[in-house]
Amino acid sequence: MSSFKLAYHANCWGSLGGDAVGVTSITNLAYRTFGDMRRACADIAAAGYEGVELFDGNLLDFSAAEMRALLADNGLTLVATYAGGNFIFDDILPEELARIIRAADRAAELGAPHLVVGGGAKRFDGIREADYPRLAAALDRVKEIAEERGLTAHYHPHLSTIVEGPEEVRKIFALTGIDFCPDTAHLAAAGGDPAALIREHAARISYVHLKGFQKEPFAFTPLDRGDVPTDAIIAALREIGFAGWVCTELDSWADPLEGAKASRSYLESA
């Protein structure tokens, strides 16, 4: 793994969710982990990672000075922040982009290189083909927002959105110029071959989320277990000449530090 820099997402140190105020105020809705980010950063550093990714809500809970001190105390780099939106509804898109601007401003202030977004809402009556160009146009705006602040923007296909499996991945990246952040577990769970998708979209990949996944019962796992062929994914990254930040994540685990250490141990042996 010498050509990769290793980061870990802080989302495992509490329940995942969003701000309840977002039900009635889109502009104030953010992703967050309901947990202690100070403990998360200390554990991530103790597990041997160099960097951390934070949800936008958790990042903005801290002032820039407070976050800068927290990172310095643990010898960590802020690698990315993750935000999201529906991205297909014209009336609320300015509110969603305003939230992303706030997160991008803070990430840039702290020297982070990456901005990651997920989303693309499924409507109550199913997916409408016209929603793909709407999503693509919103992602191009996210790309502009990031570039204006010296960040690289990435779209993260995600279960429960209109971009899950390989065909949808191909469709959206034919319509937008944003980079592709492959989440290996989400791609596999949607029926894709993560290694093949990495090779196919090599020119669009400059940041990666690594995660384990088991089919039965459905669960995300550390990298050393589950049904995702992570060895093949690492081989694909080496084949395309990837040399950047790889962020391992694990949405939920009884002992977050143990999960982080297990994945780090796997990566050292890989």
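Is S160 buried or exposed? Its relative accessible area is 53%, so S160 is exposed. This is a predicted model, and every value here is computed from it. S160 sits in the loop between β7 (152–155) and α6 (166–173). Its backbone is unusual in one respect. Phi of S160 is near 85 degrees, a positive value in a residue that is not glycine.

F87 offers a second case. Phi of F87 is also positive, at about 65 degrees, and F87 is not a glycine either. The residue belongs to the loop between β5 and α4. Here the surroundings are another matter. F87 has a relative accessible area of 1%, and therefore counts as buried. One more backbone feature deserves a look. The peptide bond that leads from E216 to P217 is cis, and its omega is near -20 degrees. P217 is part of the loop between β10 (212–214) and β11 (219–221).

Now turn to the sheet. Strands of a sheet pair through backbone hydrogen bonds, and they may run parallel or antiparallel. In this model, eight strands form an open sheet with parallel pairing. Read across it, the order is β8-β7-β6-β5-β4-β1-β12-β9. The edges are β8 (179–180) and β9, each of which pairs on one side only.

Follow the sheet from β4 towards β9. Strands β1 and β4 run parallel and are joined by three bridges. One contact to find is H9, whose bridge partner in β4 is E53. Next comes the step from β1 (residues 5–9) to β12, again parallel, with four bridges. L6 has V246 as its bridge partner in β12. The last step joins β9 (residues 208–210) to β12 through three bridges, and these strands run parallel too. There, H209 has C247 as its bridge partner in β12.

Strand β12 covers residues 245–248. Which way do its residues point? W245 and C247 point one way, while V246 and T248 point the other way. All four of these residues are buried.

Aromatic rings come next. How many aromatic pairs does the structure hold? There are eleven aromatic pairs. Take Y8 and W13. Their ring centres are 5.8 Å apart and their planes stand at 80 degrees, so this pair is edge-to-face. Y8 and W13 are both buried. Together with Y49, they form one aromatic cluster.

Y31 and F55 make a stacked pair. Their centres are 5.2 Å apart, with 20 degrees between the planes. Y31 lies in strand β3 and F55 in strand β4 (residues 51–55), so the pair ties together parts that are 24 residues apart in sequence. The two rings are not equally covered. Y31 has a relative accessible area of 31%, so it is partly exposed. F55 has 7%, so it is buried.

Some rings also meet a charge. The charged end of R238 sits over the ring of F4, 5.2 Å from the ring's centre. Likewise, the charged end of R264 sits over the ring of Y49, 6.0 Å from its centre. Y49 is the residue that shares a cluster with Y8 and W13.

Y31 leads us on to a pocket. Rolling a probe the size of a water molecule over the atoms shows where empty space is left. The largest pocket has a volume of about 570 Å³. It is lined by 31 residues, and those closest to its centre are Y31, Y82, G84, G118 and H158. Which elements give two or more residues to this lining? They are β2 (14–18), β3 (31–35), β5 (77–85), α4 (93–109) and β6 (114–119). Now sort the lining by character. Eight of its residues are nonpolar, 16 are polar and seven are charged.

Helix α4 holds one last residue to find, R106. Is R106 buried or exposed? The cut-off for buried is under 20% relative accessible area. R106 is at 19%, so R106 counts as buried. Finally, compare R106 with I240. They are 134 residues apart in sequence, and their C-alpha atoms are 31 Å apart in space.

How values were computed
Residues numbered from 1 in each chain as written. Predicted model: local features only at pLDDT ≥ 70, side-chain atom pairs only at ≥ 80, totals over all residues. Heavy atoms only, no water. 1 Å grid on protein atoms, 1.4 Å probe; cavity = no way out; pocket = protein on both sides within 12 Å on 5 of 7 lines; lining within 4 Å. Points joined across faces, edges and corners; volume = space filled by probe spheres on them. Nonpolar A, V, L, I, M, F, W, Y, C, P; charged D, E, K, R; others polar. Buried < 20%, exposed > 50% of the residue type's maximum accessible area, 1.4 Å probe, protein only. Phe/Tyr/Trp six-rings, centres within 6.5 Å; stacked < 30°, edge-to-face > 60°. Lys NZ or Arg CZ within 6 Å of the ring centre and 35° of its normal. Pairing = 2+ DSSP bridges.
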